[in-house]
Amino acid sequence: MENFETIRLDKGLYTAREGCTAALEAVDPSEAYKGTALEGLDAFERQLKRFDIRIHGAASDCVEKFFATTDSAALFPEYVARAVRKGLERADLLPYIVATRTDINSMDYRTIASVPTEAEKTLEDVEEGATIPETAVHPQENLVKLKKRGRMLCASYEALRFQRLDLFTVTLQQIGAYIARTQLKDAVDVLENGDGNANPAPTSDLAGTGVTYADLVDFWNEFDPYELNTLVASPDMAAAVLKLSEMRDAAAGLSFHGDGKPVTPLGAALLKSAAVPAGKIIGLDRTCALEMVQAGGVLTEYDKLIDRQLERAAITQISGFAKIFTDASRVLS
């Protein structure tokens, strides 16, 4: 193990397959600091301490502090990626609708699918010596469509060098929020229209011009044997659901007014998103409806960032979505 104050830092941290922080942890494991004043910091945070770089609070340093030495400059892309990732996580609704995440190291990915018949959804008694019923699992015909989503930093080093890192972090977090909202739009599109493998969500029609409690009950009933546990609604439909008289009972009102997290009369989580077209509600069983595929995490153009060429430096993430069970998501409109 190397002492964290003597580790040589360079661009090689970002070419390592496991990423910057993992590469640092390999030579400077956090387990070695248990019981010390540095316990609780990861390898990257210990490097910030090494160069006395403060990135939070009113007393945070300026951007130029990262570029005081060639070693400390190598930390800048990871700082950018972490700030973007934090903003992405704050605005991210995907954990509420994604059943599983798959990390891959290529641009091609073919998921698997199982389309059970009505008979296969129930398990009958199997007589002694009889053949056990089969459930077919097969690769999908078409590849998952991966999309690169991101933003470009458009500011010169001279314009940013004297800016406080605390303020710059807020800007980077907003980039993360943009990425999160765009990824949610991609996920909603796959839930509604399918992933290119002839698996769009079944659509249920509203009985009238607006959503009623009876509409929601009928919609809930159509999910058997799946569970309707999440509703992703356009802003107008989310408001319509919250205005239902059934939402005005004491328990629902106390929850909504207490923590701002609405609960539908059916017990499903209600998420409001402009990614859903107006007049529509997408219902799903979040345990088995959607798979998220990622080709790495937040990516930064580390060469440009380390060399102070911030202008036109891209911050991106590559991801795509695939349906798992077609009928585990449905559309109400």
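Exposed, in this tour, means over 50% relative accessible area, and buried means under 20%, with partly exposed in between. Select Cys 154 to see the term in use: its relative accessibility is 54%, so Cys 154 counts as exposed. The model is a predicted one.

**Whole chain**

Colour by secondary structure. The chain carries 11 helices and 12 strands. Of its 333 residues, 44% count as buried. Take the contacts between residues at least 6 apart in sequence: 79% of them join residues at least 24 apart.

**Cysteines**

Stay on Cys 154 for a moment, then select Cys 20. Is Cys 20 buried or exposed? Its relative accessibility is 4%, which is under the 20% limit, so Cys 20 counts as buried. A disulfide is a covalent bond between the sulfur atoms of two cysteines. The structure holds zero disulfides.

**Largest pocket**

Cys 20 also leads to the next stop. Select it with Tyr 14, Gly 19, Val 298 and Leu 299: of the 24 residues that line the largest pocket, these lie nearest its centre. The space in this pocket is about 520 Å³. Now show the elements that give two or more residues to the lining, namely helix 1 (12-15), helix 2 (20-27), helix 5 (76-91) and strand 10 (299-300). Which element has the largest share of the lining? Helix 5 does, with four residues. Colouring the lining by class gives 12 nonpolar, eight polar and four charged residues.

**Largest nonpolar core**

Keep helix 5 on display and add Phe 66, Phe 76, Tyr 79 and Leu 172. These have the most contacts inside the largest nonpolar core, a set of 42 residues. At least two residues of this core come from each of helix 1, helix 2, helix 3 (43-50), helix 5, helix 6 (157-160), helix 7 (165-193), helix 11 (302-306) and strand 11 (313-323). Helix 5 again gives the most, here seven residues. In soluble globular proteins, nonpolar side chains tend to be buried together.

Centre on Leu 172. With neighbours within four places in sequence left aside, Leu 172 is in contact with Tyr 79, Val 80, Ala 83, Val 84, Leu 153 and Ile 315. Apart from this core lies another, of 41 residues; to find it, select Leu 191, Ala 268, Ile 282 and Ala 328, which are among its members.

**Gln 317 in strand 11**

Go back to strand 11 and select Gln 317, which lies in it. Gln 317 has a relative accessible area of 6%, under the 20% limit, and is therefore buried. Which residues does Gln 317 contact, leaving aside its neighbours within four places in sequence? They are Leu 88, Lys 147, Lys 148, Arg 149, Ile 179, Gln 183, Gln 294, Gly 296, Gly 297 and Val 298. Draw a C-alpha distance from Gln 317 to Gly 297: the two are 20 residues apart along the chain and separated by 5.9 Å. Val 298, one of these contacts, is also among the residues nearest the centre of the largest pocket.

**Loop between helix 3 and helix 4**

Select Asp 52 and Arg 54. Asp 52 is in the loop between helix 3 and helix 4 (70-73), and Arg 54 lies in that loop too. Asp 52 is not a glycine, yet its phi is positive, about 55 degrees. At 43% relative accessibility, Asp 52 falls between the two limits and so counts as partly exposed.

Arg 54 also counts as partly exposed, because its relative accessibility is 39%. Not counting residues up to four places away in sequence, Arg 54 touches Ala 59, Ser 60, Asp 61 and Leu 165. Add Asp 166, which is 112 residues from Arg 54 in sequence; C-alpha to C-alpha, the two are 8.7 Å apart.

**Two further backbone stops**

Select Arg 312, in the loop between helix 11 and strand 11. Arg 312 has a positive phi of about 65 degrees although it is not a glycine. Its relative accessible area is 47%, so Arg 312 is partly exposed.

The last selection is Asp 224 with Pro 225. What joins these two residues? A cis peptide bond does, with omega about 10 degrees. Pro 225 lies in the loop between helix 8 (213-221) and strand 6 (230-233).

Notes:
Residues are numbered from 1 along each chain as its sequence is written. This is a predicted model: local features need pLDDT of at least 70, side-chain atom pairs count only at pLDDT 80 or more; totals for chains, interfaces and linings use all residues. Side-chain values use heavy atoms; hydrogens and water are left out. On a 1 Å grid over the protein atoms alone, a cavity is a set of points where a 1.4 Å probe fits but cannot get out, and a pocket is an open set with protein on both sides within 12 Å along at least five of seven lines; lining residues have an atom within 4 Å of a point. Grid points are joined across faces, edges and corners, and a volume is the space filled by probe spheres set on the points. Ala, Val, Leu, Ile, Met, Phe, Trp, Tyr, Cys and Pro count as nonpolar, Asp, Glu, Lys and Arg as charged, and the others, Gly among them, as polar. A nonpolar core is a set of buried Ala, Val, Leu, Ile, Met, Phe, Trp, Tyr and Cys residues joined through side-chain atoms within 4.5 Å. Buried means under 20% relative accessible area, exposed over 50%, partly exposed in between (1.4 Å probe, protein chains only). Contact means heavy atoms within 4.5 Å. A disulfide is a pair of cysteine sulfur atoms within 2.5 Å.
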